[in-house]
Amino acid sequence: MTVSLKRAYDGASVQDGFRVLVDRLWPRGLSKEAAEIDLWLRDLAPSDELRRWFHARPHQWAAFRARYLEELASTNAATALQQLYAAVRTKKQVTLIYASKNLEHNNAMVLKQLLEGMRKPPTTSGPAAAAAKPRQRSARKR
């Protein structure tokens, strides 16, 4: 299984394999025929609020990534993420398609990292979440 990223406006090619659009909105000015999208998982896209927040603060990549991973734990996003995992398991080549002008920092990059690790995003409850929270150390008496 190979996962790659491609901007929607770069055009489809045979090397792309299975093409998955991971944006909430269809790319402006691109026809459905030209896009050659095999699967559109709009629920995997960041919320409009988060997308606008990051657009105004592109230097806060780590904060965007953390907030986006939290959003991926929502019911709709988790269902769409399972669809993406299933597609990756059955296809030799999957290309995540996005419209962002930022080639290095976008939601497709976060999804690619998840797929390469084939792991689920963190949840807000359970042992993994508890382990992720910083523990307070009690003051030692000397």
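How many bridges join β2 to β4? Four, and the two strands run parallel. The model is predicted. The report starts from this pairing and works outwards.

**Overall make-up**

The protein has six helices and four strands. Along the sequence they follow the pattern β-β-α-β-α-α-α-β-α-α. The protein holds 142 residues, and 35% of them are buried. Its exposed surface is about 9,400 Å², of which carbon and sulfur atoms supply 51%. Among contacts with a separation of 6 or more, 62% join residues 24 or more positions apart.

**The sheet**

The four strands form an open sheet, ordered β1-β4-β2-β3, with parallel pairing. At the edges stand β1 (2-7) and β3 (39-40). Each has a single partner strand, so one side of each is left without a neighbour in the sheet. Strands of a sheet pair through backbone hydrogen bonds, in parallel or antiparallel fashion.

The pairings can be set side by side.

| Strand pair | Bridges | Sense |
|---|---|---|
| β1 and β4 | six bridges | parallel |
| β2 and β4 | four bridges | parallel |
| β2 and β3 | two bridges | parallel |

Individual residue pairs fix the register. L5 has L96 in β4 as its bridge partner. L21 is bridged to I97, also in β4. R19 stands opposite T95 in β4. On the β3 side, V20 stands opposite L39.

Two helices pack on this sheet. Helix α4 (residues 75-90) touches β1, β2 and β4. Its direction makes about 140 degrees with that of β4. Helix α5 touches β1 and β4, and its direction makes about 175 degrees with that of β1.

**Two covered strands**

In a regular strand, side chains alternate between the two faces of the sheet. How many residues of β4 are buried? Six of its six, so the strand counts as mostly covered, with buried meaning under 20% relative accessible area. Q93, T95 and I97 point one way from β4. V94, L96 and Y98 point the other way. Every one of these residues is buried.

Strand β2 (residues 18-21) is covered on both faces too. F18 and V20 are buried on one side. R19 and L21 are buried on the other.

**R19: a buried arginine**

R19 belongs to strand β2. Is R19 buried or exposed? R19 is buried, with a relative accessible area of 2%. A polar atom of the R19 side chain lies 3.1 Å from the backbone oxygen of E36. Leaving aside residues up to four places away in sequence, the contacts of R19 include K6, G11, A12 and S13. A35, E36, I37, D38 and L39 are also among them. T95 and I97 are touched as well. T95 is thus both a contact of R19 and the residue opposite R19 in β4.

**Helix α3**

Which residues of helix α3 (residues 61-71) are buried? They are W61, F64, Y68 and L69. These residues cover an arc of only 130 degrees around the axis, which puts them on the same side of α3. The face turned away from that buried side carries the exposed residues A62 and E70. Cover for the buried residues of α3 includes α2 (48-56) and α5.

**N106: a buried loop residue**

N106 lies in the loop between β4 (93-98) and α5 (107-117). N106 is buried, with a relative accessible area of 3%. Its side chain makes polar contacts with backbone atoms on either side. The N106 side chain reaches the backbone oxygen of N102 at 2.8 Å. A polar atom of the N106 side chain also lies 3.0 Å from the backbone nitrogen of A108.

What does N106 touch, beyond residues up to four places away in sequence? The contacts are W61, F64, Y98 and S100. Two of these names have come up in α3, where W61 and F64 are among the buried residues. Y98 has also appeared, as a buried residue of β4. N106 therefore touches buried residues of both α3 and β4, while being buried with a relative accessible area of 3%.

Technical notes. Residues are numbered from 1 along each chain as its sequence is written. This is a predicted model: local features need pLDDT of at least 70, side-chain atom pairs count only at pLDDT 80 or more; totals for chains, interfaces and linings use all residues. Side-chain values use heavy atoms; hydrogens and water are left out. Buried means under 20% relative accessible area, exposed over 50%, partly exposed in between (1.4 Å probe, protein chains only). Contact means heavy atoms within 4.5 Å. Accessible areas come from the Shrake-Rupley method with a 1.4 Å probe; for residues, only the protein chains shown count as cover. A polar contact is a pair of N or O atoms within 3.5 Å; within protein, one must be able to donate a hydrogen and the other to accept it, and residues adjacent in sequence count only if both atoms are side-chain atoms. Two strands pair if DSSP finds at least two bridges between them. Axes are lines fitted to C-alpha atoms, for helices over the stretch in contact, and angles run from 0 to 180 degrees between N-to-C directions. The arc is that of the directions from the helix axis to the C-beta atoms.
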